[in-house]
Each structure stands twice: as C-alpha cells, then as structure tokens.
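Thanks for making the time this morning. I would like to walk you through one serine and then through the enclosed spaces in the model, so please keep the structure open in front of you.

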Amino acid sequence: MAHSARRDSPELPDFSLLKRLARDQLVYLLEQLPGKKDLFIEADLMSPLDRIANVSTLKEHEVDKLYKVEYKPITSTSDQLCFLIRPRIKTVKWICDVANADKATGKFRRYKIIFTPQKFYACEAVLEEQGIFGDVTTDEWAFYLLPLDDDIISLELPEFFRDNFLAGDQRWVRTAGSALHLLHSLYGPFSKVYGIGRCSKMAYESWREQVAEGEQRTRQAEIGRVFLIDRDVDFVTPLCSQVVYEGLVDDIFRIKCGCVEFGPDVTSDKSVKVMLNSQDKVFNEIRNEHFSNVFGFLSQKARNLQTAYDKRRGMDIKQMKTFVSEELKGLKQEHRLLSLHIGASESIMKKKTKQDFQELLKTEHSLLEGFEIRECISFIEEHINRQVSMIQSLRLLCLLSITENGLMPKDYRSLKAQYLQSYGVDHLLTFANLRHLGLLVEQQPGETLTVMESKVGKLVNDKTAGKLTDAFSSLARKSNFRALSRRLNLVPKSGEEYDLRVPRDMAYIFSGAYVPLSCKLIEQVLERDGWTGLEEVTKLLNGNEFAVTGSNGADSKAKNDAQRIILVMFLGGCTFSEISALRFLGREKGYKFIVVATAITNSSRLLESLLDNHV
Amino acid sequence: MAFITANWNPLGEAFYRKTELYEMCWNLRDGLRDCLVAAAPYGGPIALLREPHRRSPSSRPQLEIYSASGVSITSFPWKSGPVVQLGWTVSDELLCIQEDGSVLIYDVFGSFKRHFSMGQEVVQSQVLEAKVFHSPYGTGVAIVTGSSRFTLATNIDDLKLRRLPEVPGLRGRPSCWVVLTQDRQTKVLLSTGPELYILDNTSCTAVCPPGFGPQAGSIVHMSVSFSYKYLALFTDTGHVWTGSSHLQDKLSEVDTKKSTPPKQMVWCRRPKSQQPSVVLMWDRLLMVAGVCNDTIQFPMEDQCVLVGELDGVRIISSTNQELLQEVPLVCQDIFKIASMAPGALLLEAHREYEKSSQKADEYLREIKEQSMLGEAVRQCVEAAGHEYDTNTQKSLLRAASFGKCFLTDFSPDPFVSTCRELRVLNAVRESDVGLPLTYTQFKQMTLQVLIDRLVYRQFYPLAIEICRYLKIPDYQGVSRVLKHWASCKVQQKDLSDEAIARAVCVKVGDSPGVSYSHIAAKAYECGRTELAIKLLDFEARSGEQVPLLLKMKRSQLALSKAVESGDTDLVYTVVTYLKNEMNRGDFFMTLRNQPVALSLYRQFCKLQEQETLKDLYNQDDDHQELANYYVTASYREKRLDSRLSLLQSAVDEYNKAKNEFSAKATEDEMRLLRFQRKLDDEKGAGLLGLSLQATMEALLALGLHKQAEQLYRDFRVPDKRYWWLKLKSLAEKEEWEELEKFSKSKKSPIGYLAFVEVCMKCNNKYEAKKYVSKVTPEQKVKAHLAISDLEGAADVAIEHKNESEMAAVLSRCSASDRSLIDRLNRARASVAKK
C-alpha cells in the first residue's frame with residue numbers, strides 16, 4: 001500500500017468472541033430439543049449461519065437434515081422439526097401451514113421455532129391466529145452481530161432500511177439498541193456517543209434503557225467512542241458508482257456476507273466462492289485502492305511473486321527443503337489469489353472501461369458539482385430510452401433529484417413517463433416510495449427559488465448564499481445537498497489534478513470528485529468532539545443530532561487507546577466505499593474505525609429494496 | 001454485674017435462668033383468664049380473644065392483637081362464629097379456627113385476608129380441638145372433629161386437606177394429641193388414655209414408648225419440641241416421660257408428684273444442648289423437669305401463657321413477660337462463680353484494667369501463658385450475643401476489644417458483626433417495637449426476614465435505618481422497604497391523590513429497583529385510578545406503564561406510552577388490544593393520532609389483512625395510498641376485466657388525489673392492456689402485461705410494424721426512443737435494407753453515430769460504413785474509430801485541428817501504424833504551436 005499507517009494506531013478488539021457466543025447459544029438451543037431433528041433455515045440466514053457454525057457442528061448436535069425454507073410443502077420425515085428463521089410473518093405463516101397440514105393428515109411432530117435475533121409479538125400473534133400456538137415452542141437466538149472482517153460487523157438485516165425508513169415500522173430499532181448493548185457490555189463502557197438521525201436517537205435511547213436495566217460492570221474499555229448515523233442522512237453517497245476495488249467488486253459481483261462468487265468470466269474455469277477479508281493478503285492490499293491503481297499494483301505483485309519463485313534456481317537441497325516447507329505454500333496461496341483478483345479486475349475492466357461507464361461517471365460528477373444539469377438530464381433520458389438498466393436509470397434519477405433538491409415539474413413528469421414506458425406502469429408504486437423517502441421528488445413551486453439560490457450562490461460570495469440557505473432550510477423535507485456540499489466542502493474544486501495514487505482526502509474513493517457526506521460528518525464531529533460549530537449543517541440535515549458523554553466521563557480524558565477506537569454504526573446500511581473512506585481517515589488521524597452496519601448496501605440493493613413491482 | 005448469676009437455677013449440670021423481657025404495656029382488666037391466647041414464636045405478636053364462647057349478639061367477644069411487648073396493634077369485636085383456636089402463620093398472619101371448620105385469616109392489623117374451610121363434613125360434626133403447627137412446608141392446621149376424625153392441612157397457602165384414618169375405639173376427643181413432622185411426613189400422635197397411637201396418611205398404629213411401664217398410668221398431656229425431635233408425655237400418675245419423638249429412645253422419667261395434668265407443657269432447650277428439659281405449668285406453679293430427674297420450681301401468682309421458642313420458653317403474664325432458658329454454655333463458662341475459663345479471666349482483666357489496677361496484667365499473662373487469648377476474645381464476643389442486658393453486653397464487648405489489642409492476626413469480623421447485630425437486636429427489642437428476639441433466634445430467622453417483619457409491621461423508618469446501618473445493597477434493602485412503604489402509603493384514604501403522589505415521589509425518588517408501576521398497580525387495586533396514573537408518570541421505563549394503563553382502560557394513554565417506549569412489541573400489544581376493544585371507527589381514529597402505531601399496523605395488514613388496509617386508507621381519505629393499493633391489487637389479479645376495474649378504481653382515486661400524472665399513466669396502462677389483449681387474441685402475440693417498450697419490441701420482432709407504429713403514435717412515445725428501438729430491432733433481425741429505408745425516412749433524432757455503433761455491434765462493418773458519412777462533424781472521429789477506420793479518423797481530426805480528437809485516435813494506434821502516428825504528431829505539434 002502506498003500510504004503507511006500511523007505508527008501509533010491502536011489495536012482492534014477481537015470480535016471472534018461474538019461468533020463464539022453466537023455459536024454456543026445456538027448449540028444450547030439445539031440441545032433444548034433433544035434427539036434427531038431436521039433443521040429448516042431461512043434462505044438469507046444460510047450464509048450468516050455458515051460463518052458461525054458449519055454443517056458438522058450442527059450434525060454433532062443431532063441435526064439430521066438441513067433444508068432451506070422455500071415456502072413449499074415439506075418432504076421431511078423426521079418427527080422433530082426445528083425452524084431457524086427471521087421474525088417474519090410470511091415465514092411464520094408458512095410454518096403454520098406445515099403444522100396444520102400435519103394435523104390434517106394426523107401426523108404428530110414436535111416443532112420448534114428459533115427466531116433470530118429476536119421474536120416479535122406479531123409473529124406470536126400469527127401462531128395464535130392460526131391455532132398452533134400451543135403446538136410449537138419458540139426460542140430466541142440472540143445472534144445480533146456477525147463480524148465480517150476485523151473491522152466490519154453486520155447485523156445482516158437488509159430489511160431494516162425499508163421497514164424503518166419507508167414503512168415507518170420501528171420494530172428493528174430495539175434490535176439495533178440490543179446490538180449496541182451487546183457491544184457495550186463486551187467491549188465498553190463507551191465514554192462518548194455521537195449520533196445523527198431519528199432512528200439513531202431512538203436506537204441510542206433503547207440502548208440506554210437496556211444499560212439502565214442491566215447491572216453495571218467496570219472494566220477496561222476497548223472501544224471508546226461511538227457514532228450512530230441514519231442512512232437517510234446521506235443518500236448521495238450510496239447512490240454514486242463505486243470505484244474503489246472492494247466497492248466495485250460489490251457493485252459488479254455482489255459480495256454476500258463477506259463472500260463473493262466469481263463466475264467463469266473471471267476464473268476462466270468453473271465458478272469459485274472466495275472469502276474477501278483481511279485474511280486474503282492480496283485483497284487486503286487493494287481493497288481500498290482506487291480501481292485505476294489496482295492493475296499496476298497487481299502486476300507489480302505478480303512480478304514480486306515471480307522473483308520469489310525464481311529464488312528456487314540455484315538452491316541446494318537443504319535450501320530447497322526449507323523453501324518448500326516454509327515458503328512454497330504461502331506463495332502458492334498468494335499465486336492463486338493473485339490470479340483470481342487479476343481475473344476479476346480484467347472482467348471489471350471489460351465492463352467498466354467502455355465509453356458508457358466513463359460517461360456515466362462524468363454525469364455523476366457533473367450532478368455532484370451542479371454543472372451542466374441539462375446535459376445530465378438528456379444523458380439520463382437517453383439512458384432510460386435505450387433501456388440500459390432499470391436500476392441504473394433509477395439511480396441517476398434519484399441522484400439528480402437529491403443534488404438538485406427535486407426535479408422541475410416538467411422534467412419530473414417527462415422522465416417518469418419515459419421510465420414507465422420502458423419498465424412498466426407498476427413502477428408508479430416505486431415512484432411513490434421514492435417520493436416518500438425524498439429520493440425522487442418534484443420541486444414545489446416555491447422551492448424553485450432554492451435552485452435560483454444555488455445558482456446565485458455560485459456567483460455571489462458565500463456569506464450571502466449562507467443567509468439565503470438559512471431562509472429556505474425551514475422548508476419541508478428536502479436534501480439540501482448543494483448547501484451542505486458548500487458548507488462542508490464536499491466537492492473539491494474541479495480543474496485541479498487529483499493524484500489517485502496518493503490520495504489527499506476521502507474524495508479519492510470517488511475519483512477525487514466528492515467527499516462522502518457521511519464520512520465527512522464523522523470526521524468533523526470527532527475533530528470537534530461534538531456538534532458545536534456544525535449547527536448550520538445539522539439544521540440542513542433536519543437536526544436530531546446528539547453527543548452524550550458516558551457515565552465514566554472522567555477517564556474519557558485519559559489518553560488510552562480505546563479513545564481512538566471508534567465504532568460507527570450505520571442504521572440502514574453502509575457501502576464498502578464508505579468503509580474505505582473511514583479506513584483512510586483512520587490512517588490519517590491515527591484512529592481505528594469499526595463499522596457496524598445493519599447490512600452492507602450499495603446503490604442496487606438500496607433501490608431494489610424500494611421497488612414495489614414484485615407481485 | 002456481680003449478681004449476674006443471681007437468677008441462675010441449677011438443674012443437673014445445666015443452669016436455667018429467667019430473664020425479664022418486658023413489663024407488659026397492656027392493661028388487661030381480667031388478666032389472661034377466659035382467653036384464647038396465641039403468641040407467635042420468634043417474638044411475634046400476641047392475639048387474644050376474650051370469652052370466646054360468648055355467643056349472644058349483644059355482647060360479642062373482643063379480638064385483640066398486641067405486639068410481644070403488649071402494645072396494642074388493633075382490637076375489634078368478633079362477629080363471626082365461635083372460635084376454637086387461634087394461631088399464627090410463619091408470616092405473622094392470624095388464623096382463627098372456628099367451630100364449623102372454617103378458618104379465617106387476618107393480617108396483624110386485623111384486616112381480613114381470606115378464609116378457607118377444613119372440609120364440608122366438619123360443619124356437621126364441629127371442630128372439637130384444633131392445632132396450628134409449623135413445618136418446612138409452611139403453616140399447617142390440624143383438627144379433630146366431633147366424630148373423632150382428624151383432618152390435616154400441611155400448608156394453608158397450598159391447601160390440600162387430608163382426612164386421616166379412623167382411630168379404633170375413639171369416642172369424642174382424645175385425651176391429648178400432638179402433630180409431628182417427621183421424615184417429610186406429617187402425622188398425629190394421640191392418646192386415648194392408656195393407648196398411644198400414631199396416625200399417618202394411611203394407617204393408625206398403636207405404639208408404646210420405650211421404658212414406659214404400665215405402672216406409669218395413662219397419658220393425659222403431651223408435647224413435642226420446637227424441632228419435632230423430642231416428645232414429652234405426662235401421665236395421670238404425675239410422671240413425665242421424655243424421649244425422642246421417634247419413640248426409639250427414652251431420655252428420662254421424672255415424678256412431679258402432681259396428680260392434675262398441667263395447663264401447659266412446653267419443651268425448653270437450645271439447639272445443640274445436651275440437656276433438654278420440659279417446662280410444665282399449673283395454676284400456681286411453674287416446674288422445669290430435666291433429664292436428671294431433678295426439677296426447678298417457680299411459684300406463680302398470675303395466670304400465664306407459655307410460648308415455646310427455638311431456644312427457650314417465653315412466659316407471658318398479664319403484667320410482664322419473661323424468658324426462661326438454659327444458660328448458654330459460653331455464658332456459664334464466663335459467669336460461673338470462680339470460673340477459670342479464658343473468657344472469664346479476660347473479663348476480670350478488663351475490669352481490673354478499668355480500675356487501673358496492675359492485676360489486669362496478671363490476668364492477661366495467665367491467659368496468654370495458656371495461649372488462650374484468642375479463645376477468650378471469642379468467648380466474650382459470643383457471650384455478649386447471648387446476653388439480654390445491654391450493660392452486660394457492653395462490658396463483655398469491651399473486654400473482647402481489650403483482649404484483641406494483644407493479638408495479631410485475629411480477624412475482627414466476628415467482633416464487628418456481633419456489635420452491629422447486637423445494635424440491631426437491641427433496637428428491635430425496644431418496647432415500642434416489641435420483637436424480643438434472642439441472638440440464636442435472630443441467626444435462625446436471618447436478617448432478611450427480620451426486615452420483612454419490620455416492614456410488615458410498618459416500622460419503615462427503623463427498617464430503612466437498619467438496612468443503611470448494615471449496608472445491605474439497595475435492591476434487597478432500602479428499595480424493598482420503600483416499595484412496601486409506598487404500597488402502604490397509597491392506601492391511606494385520608495390523603496389526597498396529589499399529596500400521596502408527591503410524598504411517594506419525594507421518598508422513593510429514583511431508588512434502584514423500586515418500580516412505580518408496581519406502586520401504581522397497588523393504588524389501582526385500592527380503587528384509586530387517578531393516583532395510579534399520577535404515579536405512573538414517575539415511572540421512567542414507559543414500557544412498564546403500559547400493562548397497567550390497559551388494565552385501567554386508559555387505552556389512549558397506554559398507546560402513547562407504548563409508542564414512547566420504542567418497544568414495538570408493546571405498541572403491537574396495545575394495538576391488538578384496542579382492535580378487540582373498540583369499534584372500528586374509533587380504533588382507526590386512535591391510530592391516526594399515533595403514526596408509529598399506524599405504520600406498524602399497516603405493515604401487519606399488508607401481510608395479513610389486505611382489506612383492512614383499504615379501510616384504513618378510506619378512513620383517512622388518503623386517496624393516493626388507496627390508488628396505490630388498487631394498483632398493487634390489480635397485479636395480483638389474473639383476469640383482465642377485474643384487473644381493469646381495479647385500475648379504473650385506481651384512476652378515480654388518483655384523480656381525487658389530484659395526481660393527474662398517475663391517473664394518466666394508469667389510464668394509459670389500461671389502454672395498453674386492452675390493446676395487448678386484442679393482439680394476443682388476434683395474433684397470439686403473448687403481450688399481456690409487458691411494458692410499452694417491451695410491447696413495441698415484441699411487435700417489431702414479430703414484424704408487426706404497423707401495430708408498433710400505432711403504439712408509437714397513440715402513446716406519444718418520444719421519437720428518440722422509437723428510433724433507438726427500431727434501429728436495434730432491425731439490426732438484430734439483420735434487415736439491412738429496411739434499416740437503410742428507415743434511416744432515410746426522416747432526419748434521425750438520435751443522430752447517425754448510433755446507426756454506426758449498432759451495426760458494428762451486429763458485426764456488419766459494411767452496413768456501418770454507409771452511415772459514417774451522415775454523422776455530424778463533431779462525432780465523425782468517433783464514427784470512424786467505431787469502424788476501426790484509423791486513417792479516416794485521423795483525416796477528420798487533422799481537418800478539425802482538434803487536439804483531443806487526435807489524442808483519441810493516437811490512443812487507438814498500434815506500433816505498426818508508424819506513418820499515421822507521425823502524421824498525427826506533426827499535426828498536433830502544429831496545432832499546439834498556434
């Protein structure tokens with residue numbers, strides 16, 4: 001890696017403990033149902049479960065056969081069925097159907113439902129309604145946190161985003177609070193908690209409540225500070241195309257639970273599943289790099305590898321022996337990984353270096369800067385008309401709306417009409433959702449002034465613009481991106497060369513065109529130890545910010561390493577680009593960031609969760 | 001001090017002493033005559049029922065309850081049936097066993113708790129005698145009925161009546177009987193005169209105590225010890241037989257030379273004592289009969305009641321109360337005249353030391369020579385615990401403290417804890433509290449229970465002081481007391497809601513472990529709903545408030561509290577409750593004011609009750625959502641006409657919502673569906689459900705150009721879209737002639753570079769070339785590059801004198817294009833010069 005870490009960077013806490021705790025509890029729960037049993041696992045729990053307990057562990061505890069929940073009648077012949085599911089009504093209903101079908105045929109079985117991470121009253125209500133409440137036993141597997149890497153922990157709850165922000169269903173807030181509580185009791189006590197967003201505030205309060213109920217233990221804190229942030233504080237960042245290697249891999253191949261499946265186009269053989277984390281030495285060095293650097297790095301690496309292999313020549317038997325026993329295995333491993341990542345990069349190159357992608361990026365950057373908006377709109381129009389990609393078009397529309405604080409009524413109508421022609425009228429519902437979230441909205445007649453203001457702002461000096469912004473920020477839900485961008489200096493001045501090999505700020509993750517708002521907020525708040533001086537910004541973000549000193553406020557002053565270990569919790573998901581940006585920030589400032597996300601997200605996942613055309 | 005042994009009476013090797021506990025505070029006119037008296041062990045309260053057999057309604061018997069020191073707690077006329085027996089439960093509740101077999105339970109303040117019956121048949125046969133007994137299972141009641149049958153209840157809190165088998169030959173009441181708890185079984189031991197029987201669940205067995213000769217006569221009184229280990233039998237010849245209650249061993253047989261049976265006979269022993277003895281009471285005489293065949297006799301002036309305790313016997317008379325007990329061994333050692341025990345010497349040494357006499361040193365030396373100082377301190381500390389007189393306690397503790405100074409590594413813990421505990425004991429022994437506990441009883445009873453008793457008797461300040469003094473963790477100590485205090489406080493009827501709420505809040509504050517919702521529940525139980533609500537406001541955890549609010553039917557408030565708590569399960573509980581309680585209209589109105597609850601319910605309805613969802617939107621006049629609902633519903637519908645009618649509803653709603661755009665889009669969709677259906681019917685095109693774009697694509701693919709054209713016009717498809725579509729479609733089908741015709745139909749709105757690129761995509765360079773010439777000058781280079789015509793591209797770029805275009809061409813050149821590269825570079829240089 002080009003830039004070296006600051007030498008005094010603190011060590012990260014060991015999160016494998018979380019896995020052990022989860023495994024032990026699962027084993028305990030399985031043993032609660034003695035004897036052979038078949039285990040039904042919810043589809044999206046398969047991968048997380050795989051990280052916690054492998055098949056042989058399950059078999060050791062008398063799990064006979066494993067099935068995926070498929071909402072179909074079951075074929076299992078076991079007289080004990082165990083269901084490991086998320087607390088979803090749909091799944092519970094299916095279990096009711098299974099049980100009722102057994103009843104109808106006079107078959108007697110024992111049923112046990114293990115909800116993870118917790119059960120909801122609504123699920124039990126369904127059991128009761130369907131008349132099988134007495135026939136099943138229920139349990140909770142408090143598997144809140146899955147460590148995906150040394151510094152990434154995921155709640156693996158993608159539905160958090162839609163439920164909480166779109167449907168206003170706050171049932172996951174408590175889950176987030178419990179997850180925080182678990183981290184606090186294992187790695188706390190936290191001495192300072194910052195946050196922004198309504199959901200963050202509620203999660204914080206839920207956590208405080210749980211702390212108050214439980215007993216207090218004083219121990220050496222491993223994590224000193226916590227930052228909570230709602231996804232809806234910053235929608236711009238996840239909507240941008242990712243160009244850092246890890247993010248790009250996620251955008252193109254979709255990383256699932258820390259694991260990616262490379263198809264034949266990468267391996268030129270059959271598909272392989274690869275774990276992407278810091279254990280992969282090659283990956284670890286390129287994951288945070290701008291894609292333009294990756295190839296150079298990989299070829300350098302390949303040359304180094306060759307030299308290492310070449311050492312063999314001219315060795316005597318003894319040297320050869322040590323070489324084989326000590327180095328060869330590592331080299332082989334590295335070789336394999338290297339060829340995989342080279343394959344992946346080539347595949348990415350093929351897809352991304354085409355003219356379209358360059359133009360796409362150019363449009364995105366123009367949108368972020370607020371220049372040549374007309375051209376951008378025609379680009380988007382063409383994008384829709386040529387049916388390039390349903391999600392991509394939607395993404396550009398949203399990006400346009402957020403950065404421009406809504407679309408002009410004429411554009412809003414015509415773009416929507418064209419989109420509906422391309423992808424069907426059922427997307428009316430999708431648009432309703434996007435409007436609800438403020439992702440794709442029409443400018444209200446009064447608000448056109450804001451556009452004026454933003455244009456004026458470029459001409460007049462910043463002070464007057466600031467005053468104007470104040471006057472308008474009281475208006476309804478809108479993104480205020482332009483004002484925020486100016487205040488926080490999110491978009492570096494264009495025209496300057498940006499050397500992506502030697503990044504000078506977090507903007508490098510978007511080719512130097514944009515510093516992610518979320519990460520910038522974190523940087524600013526940590527720097528100021530609170531929100532003082534950021535009043536204007538929080539006003540533009542609809543407030544709900546907080547900064548609370550923990551009970552042991554006294555020793556927060558103490559200069560221990562824990563103060564420089566900062567847990568950032570993204571409620572509603574977080575992108576790999578943001579993680580890369582935080583890693584960069586950590587290296588610059590001597591922090592270590594731990595990212596806790598309700599799920600890893602990207603533009604496609606974000607928008608797919610808002611589609612309503614699935615029937 | 002010197003006379004400490006003055007009230008010691010020797011009996012065999014042991015000594016017995018009678019200590020005065022209290023001058024009774026009560027003022028009983030007729031003494032204890034004609035009274036049913038029950039005094040609870042462990043210094044518990046005393047219940048008195050005067051003239052229990054009086055039955056005339058004009059003069060009812062009076063039931064009085066006193067503390068052990070005779071302070072009146074309550075008194076009220078007995079209005080229920082005639083009482084056979086009074087007794088106290090382990091938790092200081094009064095049991096009144098009536099003739100008809102019903103048992104009434106009162107608390108110590110005389111308020112009625114509940115009642116139960118000892119069986120239906122008793123109503124007929126009447127209770128002759130009853131006994132209340134304590135066992136590890138709790139408090140039990142045993143009765144013998146007029147039909148000479150025994151009924152047992154081992155634990156009145158978990159009432160299971162057991163009717164014991166018949167006793168052969170028994171008519172009327174047995175001459176005497178006791179209840180035994182042995183080997184986890186409760187039995188009755190009874191005597192019919194000469195015979196002795198053990199009556200258990202299944203059988204009645206005649207038994208004979210060992211060494212109980214026929215000459216001894218028939219048994220007229222019997223008694224078991226506190227621990228059920230020992231049994232004493234009194235015969236009509238005046239003999240007292242003592243032995244184990246298993247009837248395996250005999251301890252002694254003493255001739256009391258009394259022919260009348262005693263009024264009471266009670267065991268008097270302390271745990272681990274080797275010398276159990278029995279206390280017998282006649283009208284004017286109290287006699288202690290020991291194993292050694294010896295007796296002590298005390299004359300008595302007044303009517304008394306004996307209360308058996310763990311380590312002695314309390315003697316309650318109308319004027320005072322005394323404790324008769326065997327002097328503890330350690331006290332004997334210290335205070336026995338001329339004792340040379342280390343403790344005695346230490347006490348002496350300290351006494352001399354206080355007199356500033358050098359003898360102190362001699363005594364100390366003597367102890368130290370035997371290296372018994374540690375033992376001496378231990379003895380003094382232990383003896384202090386057993387002494388009732390505070391001065392004696394002090395001198396013993398001072399001596400111990402003095403001795404401790406000469407010891408290294410001697411744990412101070414026993415000394416410190418004894419000091420603390422004695423302070424507590426002395427406080428509760430005070431006459432106005434009236435709990436005459438001995439140290440042994442206190443240890444047996446535990447501090448926890450002592451605090452409970454104080455709380456139960458409403459000595460809240462004292463209980464709190466004790467908790468604080470003994471540094472009991474708040475959870476078990478102060479908070480618990482406060483909780484009880486508050487629960488009691490809310491029942492005070494003479495205070496206003498406001499005053500009580502304030503008082504509770506001031507005292508309880510935010511003590512850990514005190515739940516305001518618990519206190520509020522108590523207030524609600526007493527019918528003070530307003531107070532309960534006030535108290536709930538103090539509850540920090542809003543989740544705790546909800547169940548009670550629901551119970552009090554404050555559902556609106558419950559809902560807002562549930563929402564506040566952030567616990568969606570709780571919100572959902574309330575919502576379900578409301579749904580069942582309210583009519584639909586009110587229910588929806590309630591939800592409308594609570595957006596969080598509303599969205600939660602909507603989520604549920606989306607999955608479970610689609611129809612309700614519609615009603616919800618209808619109620620709110622939310623036309624936009626209603627329209628969306630219809631659109632969603634239309635996609636679930638298979639049949640076209642119902643689908644169309646749903647969409648029509650959607651259109652209507654969109655119009656109502658003034659969302660013209662969506663209305664128009666939906667109408668278009670309906671039009672499209674009809675069109676698709678028509679074509680499907682005519683041509684079997686399989687179009688239904690496709691988007692407009694996909695429909696046109698499909699039509700073009702099928703060669704139905706006219707129909708595609710029709711859609712293009714009808715739906716006002718933008719020219720660009722249509723051109724792109726047609727271009728791609730024709731190219732894919734390789735209809736090149738058609739494509740050329742199309743390109744000439746009018747000026748292309750998407751330009752001609754698109755034509756070049758699409759042709760190249762279909763690998764037809766020949767066709768692509770045709771369109772290069774038509775491309776606009778700005779895109780010419782690109783077009784040439786697209787068909788890999790580097791020369792052409794270079795020509796155009798040089799002609800344009802455009803540096804970036806030249807660079808673009810250069811980047812495509814390979815090493816073999818030497819001349820071209822040179823040409824470009826030259827051109828570039830010349831451009832740069834200018």
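**A buried serine and the internal cavities**

Let me begin with S206(A), which counts as buried because its relative accessibility is 8%, and the cut-off for that word is under 20%. I should say at once that this is a predicted model, so please hear everything that follows as computed from that prediction. As for where this serine sits, S206(A) belongs to helix 8 of chain A, the helix that spans residues 198-213. If we set aside residues up to four places away in sequence, S206(A) touches V173(A), R174(A) and G177(A).

Now to the cavities. How many cavities of 30 Å³ or more are there? The count comes to 4, and I will speak about two of them.

The largest cavity holds about 60 Å³ of space, and its lining is made up of C240(A), S241(A), V243(A), L361(A), E364(A), H365(A), L368(A), F510(A) and S511(A). Sorted by character, the lining residues of this largest cavity comprise 5 nonpolar, 3 polar and 1 charged.

The second largest cavity encloses about 50 Å³, and the residues that line it are L148(A), D149(A), I152(A), E246(A), I255(A), G258(A), L276(A), R287(A) and F576(A). Here the lining again includes 5 nonpolar residues, but they are accompanied by 1 polar and 3 charged ones.

Conventions: Residues are numbered from 1 along each chain as its sequence is written. Chains are lettered from A and ligands numbered from 1 in the order in which they are written. This is a predicted model: local features need pLDDT of at least 70, side-chain atom pairs count only at pLDDT 80 or more; totals for chains, interfaces and linings use all residues. Side-chain values use heavy atoms; hydrogens and water are left out. Helices (H or I, at least four residues) and strands (E, at least two) are DSSP runs, numbered from the N terminus. Buried means under 20% relative accessible area, exposed over 50%, partly exposed in between (1.4 Å probe, protein chains only). Contact means heavy atoms within 4.5 Å. On a 1 Å grid over the protein atoms alone, a cavity is a set of points where a 1.4 Å probe fits but cannot get out, and a pocket is an open set with protein on both sides within 12 Å along at least five of seven lines; lining residues have an atom within 4 Å of a point. Grid points are joined across faces, edges and corners, and a volume is the space filled by probe spheres set on the points. Ala, Val, Leu, Ile, Met, Phe, Trp, Tyr, Cys and Pro count as nonpolar, Asp, Glu, Lys and Arg as charged, and the others, Gly among them, as polar.
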